[in-house]
Amino acid sequence: MAEMSSPAHPLSHTRPIPAGHHGRPGTAGVVARWREDLAIATLAARHGGEAALAAAMDAAFGLALPAGPKAAGANGVSALGLAPRRWLVLASQRPALAAELAGLGGGAVTEQSDGYAVLDLAGPEVRAVLAKLVAVDLDPAVFSTGDVVASSLAHIGAVLWQTGEEPTYRLLVGTSFAAAFSHTLLAAAAEYGLDLADAGRGPEAGRGTGRG
Amino acid sequence: MRIPCPFCGSRDAHEFSYLGDATPRRPDPAAPGAEAAFFDYVYLRDNPAGAFEEWWYHAAGCRQWLKVARDTRTHAITGAVLARDVAAPAAPTPAGGETAR
């Protein structure tokens, strides 16, 4: 993999940067890991059906759909508010998520598991690195755990979700942008050092992010 | 320039696409004088120096249409609402009219 990402390779930007340590030697300021185990779907309430959908989500998952750009989670299922009456739903170890949501009958569901590449981000400098990339204030006074932002990072449409206080983040970009975004992330994080881990799910771990 | 998206919060203008004047309403094609009203609706626009209402699309965020109030002299934005909340069918008025809201 590494040889494919050499800056000298004419198509190096079409390949994600390989797993491993990048940038400044030593302890990494940013620790990133691809996630391949998440089922993802968009959920949109039908006109006038918001209350029925909220009730169905509560009954099925014990999850209260957030009203704004926030995340709500319960029983391994998370809903991220992307727009009025529209959410991105993520779940681990629940491959039939989209079918389950469609079975609720209250909303329009689109399967997105292969549509998004997902990165979990942590490390002491992760906020500083993300602050370079997204034109939204990430200061803890105004952006904290559970907050979600749909925006563009380096002209790449992305959903950013602060998942923990340290802080930790989960970032979603379109699958076809995963390679380009990985180079953007490296460019931003190199001064602090970047540790990138594969999804680590066996031979198929690279599926969906174009690694190989 | 930053636009206060009602859903996403304050965002840089580069996340948005601009459409234009938010005041024209499609005329009733069955009404008398519809041809003149459509000429007005399609082609004629005011170009005010001052308060203006215009459509913006939050393409990089919530993908909602917004009706934004902007001062064309200063670019000061005094408000933004979701189009879905204000674009209910309204009485047809000519483009460039002063009462279209």
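The paragraphs below lead through a predicted model, beginning with chain A, then turning to one of its residues, the interface with chain B, and the confidence in chain B.

Chain A has 212 residues, of which 51% are buried, and its secondary structure consists of 4 helices and 12 strands. If we take the contacts in chain A between residues at least 6 apart in sequence, we find that 65% of them join residues at least 24 apart.

A single residue of this chain, A:Asp120, can serve as an example, and the place to look for A:Asp120 is strand β8 of chain A, which covers residues 116-122. Is A:Asp120 buried or exposed? Its relative accessibility is 17%, and because a residue counts as buried when this value is under 20%, A:Asp120 is classed as buried. What does A:Asp120 touch, once its neighbours within four places in sequence are left aside? Its contacts are A:Val31, A:Ala32, A:Arg33 and A:Arg35, together with A:Tyr169 and A:Arg170. With A:Arg35, the side chain of A:Asp120 also makes a polar contact, at a distance of 2.7 Å.

We can now move from the inside of chain A to the place where chain A meets chain B, with 15 residues of chain A in contact with 12 residues of chain B. The size of an interface is often expressed as the accessible area that is lost when the parts come together. Here, chain A and chain B bury about 1,100 Å² between them, and 50% of that area lies on carbon and sulfur atoms. Between the two chains there are 3 residue pairs in polar contact, counting pairs in which both residues have a pLDDT of 80 or more, while the number of salt bridges between chain A and chain B is 0.

Which elements of chain A give two or more residues to the side that touches chain B? They are β5 (77-83) and β9 (148-153) of chain A, and β9(A) gives the most, with 4 residues. Sorted by class, this side of chain A is made up of 9 nonpolar, 4 polar and 2 charged residues.

Finally, a careful reader will ask how confident the prediction is for chain B, where the mean pLDDT is 88 and 86% of the residues reach 70 or more. Among the elements of chain B, strand β5 (residues 65-71) has the highest mean pLDDT, at 97, and helix α2 (residues 83-86) has the lowest, at 90. Over residues 97-101 of chain B, however, the pLDDT is below 50, although this stretch has 7 contacts in the model beyond near neighbours in sequence. Where pLDDT is low, predicted coordinates should not be read in detail.

Terms used:
Residues are numbered from 1 along each chain as its sequence is written. Chains are lettered from A and ligands numbered from 1 in the order in which they are written. Side-chain values use heavy atoms; hydrogens and water are left out. Contact means heavy atoms within 4.5 Å. Buried area is the accessible area (1.4 Å probe) that two parts lose on being put together, summed over both. A salt bridge is a side-chain nitrogen of Lys or Arg within 4 Å of a carboxyl oxygen of Asp or Glu. A polar contact is a pair of N or O atoms within 3.5 Å; within protein, one must be able to donate a hydrogen and the other to accept it, and residues adjacent in sequence count only if both atoms are side-chain atoms. Ala, Val, Leu, Ile, Met, Phe, Trp, Tyr, Cys and Pro count as nonpolar, Asp, Glu, Lys and Arg as charged, and the others, Gly among them, as polar. pLDDT is the predictor's confidence in each residue, from 0 to 100. Buried means under 20% relative accessible area, exposed over 50%, partly exposed in between (1.4 Å probe, protein chains only).
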